[in-house]
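Visitor: Could you pick one part of this structure and take me through it slowly? I'd like to see how its pieces fit together.

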Amino acid sequence: MATILAAHAFESMSAGMDRKALEDSLKALGEELAQLEGRRRRAGLKASQLRNEVELALIDPDNPGPLDLSKWKLSQDLEFALQSADKEEAVKNAYTATLDRLNFLKGVLERDQIAVEAEKVGLHSALRTFASVSMTPASPQLSHHVPQSASEAPPATENAREITEDSLLSVAAQVVLAARREAKGEDAGPDRYQERLEASLAAFIDVIGDLPLKQYLPIHIQDFATILAQVPLNRSKYPEFKGLSLRKIVEKNGRRKPPLPHLATTTIQGSISDFLSLWNRATAGVGGVKDLKAYRITMPSAASKSIEREAIPVGNLNKWVAAAAEQKWRNAHKRWLPIVAMLTGMRLGEIVWLQVSDFVEQDGHTIIDLRKPLIIDRKEVERRLKTPDSSPRIVALPPSLIESGFVNYVREVRKRGWVFSAFHTADDPADAASKQMKNWMVTLAIHERHRQTFHSLRHNAKHWYAYHFGQRIADRQLGHKPPHIGGQYGFKVLQPEEVELIAQMPIPRGLDLTPFLSRKLDCLQTLHDDVGNGAARGLSASVLQYD
């Protein structure tokens, strides 16, 4: 259609283009631009889906995190999707350039008819370029009704954000996703939730199709779940599935002997929940669309049973404690991470991003204040936490962690800022720490895929804190939202009297911390020798003053 329109415009030029012909061309190009924008967005969605599949093949499924794809050789499928998106963008730019040229020529017509002949040459060249780059699959035909004046058309910027029952799902969803990205800001950093929304949208369109909003039925949610329940786990790792739709992947996996295991119920529930969240935002205030969220799906029997994460047995904890205590003082990132996680209940990402300034004194007790911003390059930066409502909190330190020497270690890294600076040489410190901890657990034979991971230490801590102090203090310490409305009353963070209770917490039953306590003097002697040899001139003499 774009090529036909360009040829028609040029023929009109040769015959003597009048204002009416120009206005018709402007309007038609404007309508086609809007349709082309939808095609460009769908190409972008496809590219986003392939990026997510590549990431799944490269990152650790136990600890997903942002991945810099520029460091990897991308598959032909992804390269093709990116090239397609670029081509669609080029076509759109060509439309815009031609539209601007025609608008200019209209102004010339109004001022001086003689100048038209000079402009014909330039327009001829622009139309030829436009026709050459627009040789893509045909888009929907333009409406035969063209307003008498181009000024009757609403501004393109407003049309692009208006969502109606006739809007394609991809276009409506991108309006919401773009607004969310803008609200988060360019400096917000990796946004896993945004990536999940985009991935669930791409999967739904892959399975059900990209239709006008009014054509979707509640039963489509069940169809979506039924297909997802047959999708093989870690499908991106298998070359035979590359470039195939989810339905084709399901068919091909069904012919495998034996077929690969399917996605788990929690994964399916998460994808549906993410999509319905995006659907509700995109269709807010739009008439003529169905309430997809009202449909209660039946979980297909083909889905794999979800694996519940468990706390790590105390015997394996003691094996890990002993191995951590053997680490040299300069390997503090390995020495302290496991014991800090199991005794405080903090997430790995929270520990890795700790700064010395986060350790403050409150009524004679050292606490960690996760409500404070990070200081990076002398500027305050918002701390990225998992849940904005409950994660910004005060973390109290039990006496066993203090007696092991952790607080004294923190006091001696003041000049470096980061408590665990070794991880901050990586592009993604939390991801680097996650991979190192997993490899370490595998070496110690205490890792069980999905069931017992580094995150399982939070399960241990939650049990200990709930046992000694009750559910309320355990939730405040670990940053969990209370399960009932009554638990949300009162203060949102630990109060001084609760910090005092945790400061008297006994060592959990069966946990053997003697390797840390017995190695304390050995570490002191090592540090003393290093200072004497000039290898640690930057350390303060207080490094030898342990409680």
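Guide: Sure! Keep in mind that this is a predicted model. Let's start with strand S2, which is mostly covered: 5 of its 5 residues are buried. In a regular strand the side chains alternate between the two faces of the sheet. You can follow that here, with His365, Ile367 and Asp369 pointing one way from S2 while Thr366 and Ile368 point the other way. Residues on both sides are buried.

Now look at what sits beside S2, which spans residues 365–369. The sheet is an open one made of 3 strands in the order S1-S2-S5, with antiparallel pairing. The edge strands, S1 (359–362) and S5 (394–396), each pair on one side only. On average, neighbouring strands of this sheet are turned by 45° against each other, ignoring direction. If you wonder what holds such neighbours together, strands of a sheet pair through backbone hydrogen bonds, either parallel or antiparallel.

Let's take the S1 side next. S1 and S2 are antiparallel partners over 4 bridges, and one pair to look for is Gln362 with its bridge partner in S2, His365. These two strands form a hairpin with 2 residues between them. In that turn, Asp363 has a positive phi of about 50°.

Over on the S5 side, S2 and S5 also pair in the antiparallel sense, this time over 3 bridges. Find Ile367 and you'll see its bridge partner in S5, Ala396. Ile367 belongs to the group that points the way His365 and Asp369 do. So there's your close look: S2, with S1 and S5 as the edge strands.

Terms used: Residues numbered from 1 in each chain as written. Predicted model: local features only at pLDDT ≥ 70, side-chain atom pairs only at ≥ 80, totals over all residues. Heavy atoms only, no water. Pairing = 2+ DSSP bridges. Axes fitted to C-alpha atoms, helices over the stretch in contact; angles between N-to-C directions. Buried < 20%, exposed > 50% of the residue type's maximum accessible area, 1.4 Å probe, protein only.
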